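Colleague: Could you take a close look at one backbone spot in this model? Then please work outward from there, in short sentences.

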Amino acid sequence: MIYLDAAATAPVRREVLEAMWPLLTSDYGNPSSHHSVGESAARALDYARRLVANELNCRPNDVVFTSGGTEADNLAIKGIALGRPKGRHIVASAIEHPAVLESLDYLERLHGFSIDLLPVTAEGTVEEAVLRNALTPETTLCTLMYANNEVGTVQPIATLAAVCREFGVPLHTDAVQAAGWLSLDTAQLGVDALSISGHKIGAPKGNGVLYVRSRLPLEPLVHGGGQERGKRSGTENVAGAVAVATALQLAQQERETAAAAATTRRDHLISAVLDAVDGAFLTGHREHRLPNIASFCFPGTSGEAVLLELERAGVVSSSGSACAAGASEPSAVMLALGIEPEIAQTALRLSWTSSTTDAEIALAARAVIASVRTVQGLGNLV
């Protein structure tokens, strides 16, 4: 099997499992307990926090451990908005992750916030002028995805963050897909909050990180014992914190080499498919995209049928986000790019890890071409 759905989840790294193991067996204490077992756990939690802070170029106190990217997005958006209401106006893009869009909907419905969803270009980019026109002195928060999970487009986050600073508006970015492929230096990016998910970078599911500047008022989602400096109550998942910290450190250390190799594979795959399949087109930006995502539409086919053919050929992939479970409607991201609903439902996303080989990508390219041609042939028989 060739696994090309890494944007949905990646395998757990052995180094991460080894780092977690002592905290699930011998050092299992509650880090809030004032005895030797608890203090050992507290030291492990502090180690994980410092590890993450080093990779993000921030202070340890800016790091909050969460249950994943979804909680990190929710805490950033709801927490900053409710902690600093200002004019109750929020700006986001039309291609944000459901965790962001649903958080915004919640704030609009129950707290009276006004939400502006910015249009994007046909390649999925937020333009600086569009953002500038949307921000006002009453804007409470801006949230813009660093790299899109469906089409791979990378936003010029540092440039957009500079615009937000001109208006005194904090910027949160969902960096779940960017981790391991792009720089996460929060000082260089200029962001005020940044979300990461552990299971996209080699940690188990159920752990993540929110970087948020300590100076920003943050209303917690979960109240109770005041853990994470009052930002997220509940006994900390120490093993999970060490897992995501270890995975992040490994991913960022390997980033430049891994990204260069993945970009070569990506470009080979894109060229092979577009050259061989009539009518196929790439979705997202051709150049400013993640190294490990190639996404297409194949007009005149069925996306689900192509996926089934690919799986028969031993290639596992997806039609887009795995986070909108059971959704039968066309992808909101595809519609925001200006793609017609019927064509949007032919979408295919191929995504891989740094361990995916050149040979696997070459085989996958041939499988995509053959699968699309098979589905097109079946359509002609109807």
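**A loop residue and its wider setting**

Modeller: Asn57 counts as partly exposed because its relative accessibility is 42%. Partly exposed lies between buried (under 20% relative accessible area) and exposed (over 50%), with a 1.4 Å probe and protein chains only. The model is predicted: local features need pLDDT of at least 70, side-chain atom pairs count only at pLDDT 80 or more, and totals for chains, interfaces and linings use all residues. Residues are numbered from 1 along each chain as its sequence is written, and side-chain values use heavy atoms, leaving out hydrogens and water.

Asn57 sits in the loop between α2 (36-56) and β2 (63-66). Helices (H or I, at least four residues) and strands (E, at least two) are DSSP runs, numbered from the N terminus. The backbone is the point of interest. Asn57 has a positive phi of about 55°, although it is not a glycine. Most residues other than glycine have a negative phi.

Arg229 makes a good companion. Its phi is also positive, near 55°, and Arg229 is not a glycine either. Arg229 lies in the loop between β8 (208-212) and α8 (238-253). At 36% relative accessibility, Arg229 counts as partly exposed. A glycine appears in this list too: Gly168 takes a positive phi of about 70°, just after α6.

That leads to α6 itself. In helix α6 (residues 157-166), the residues Ile157, Leu160, Ala161, Val163 and Cys164 are buried. They sit on the same side of α6, because they cover an arc of only 155° around the axis. The arc is taken from the directions that run from the helix axis to the C-beta atoms. What covers these buried residues includes α5 (128-134), β5 (139-143), β6 (171-174) and α7 (186-189).

Two of those covering elements pair with each other. β5 and β6 run parallel and are joined by two bridges. Pairing requires that DSSP finds at least two bridges between the strands. Thr143 has His172 as its bridge partner in β6. From β6, Leu171 and Thr173 point one way, His172 and Asp174 point the other way, and all are buried. In a regular strand the side chains alternate between the two faces of the sheet.

Pro85 lies in the loop between α3 (69-83) and β3 (89-93). Its relative accessibility is 28%, so Pro85 counts as partly exposed. Pro85 touches Phe113 and Thr140, not counting residues up to four places away in sequence. Contact means heavy atoms within 4.5 Å. The C-alpha atoms of Pro85 and Thr139 are separated by 9.0 Å, with these positions 54 residues apart along the chain.

Pro98 is a second proline to check. Its place is in helix α4 (residues 98-111). At 29% relative accessibility, Pro98 counts as partly exposed. Its C-alpha lies 28 Å from that of Ala258, 160 residues apart along the chain.

Ala258 belongs to the buried residues of α9, with Arg255, Ala259, Ala262, Arg265, Arg266, Leu269, Ile270 and Val273. They fall within an arc of 135° when seen down the axis, so they line one face of the helix. On the other side of α9, Glu256, Thr257, Thr264 and Asp275 are exposed. Helix α9 (residues 255-276) has 22 residues. From first C-alpha to last it reaches 31 Å, close to the 32 Å expected at 1.5 Å a residue. That expected span is 1.5 Å times one less than the number of residues.

Next comes an open sheet. It has three strands in the order β9-β10-β12, with antiparallel pairing. β9 (281-282) and β12 are the edge strands, and each pairs on one side only. Two bridges join β9 to β10, and the partner of Phe281 in β10 is Cys297. Five bridges join β10 (residues 293-297) to β12. There, Ser295 has Arg349 as its partner in β12.

β12 (residues 347-351) is largely enclosed by the rest of the structure, because five of its five residues are buried. Ala347, Arg349 and Ser351 point one way, while Leu348 and Leu350 point the other way.

One last side-chain detail. Lys78 lies over the face of Tyr106, at 4.5 Å from the ring centre. A charge counts as over a ring if NZ of Lys or CZ of Arg is within 6 Å of the ring centre and within 35 degrees of the ring normal.
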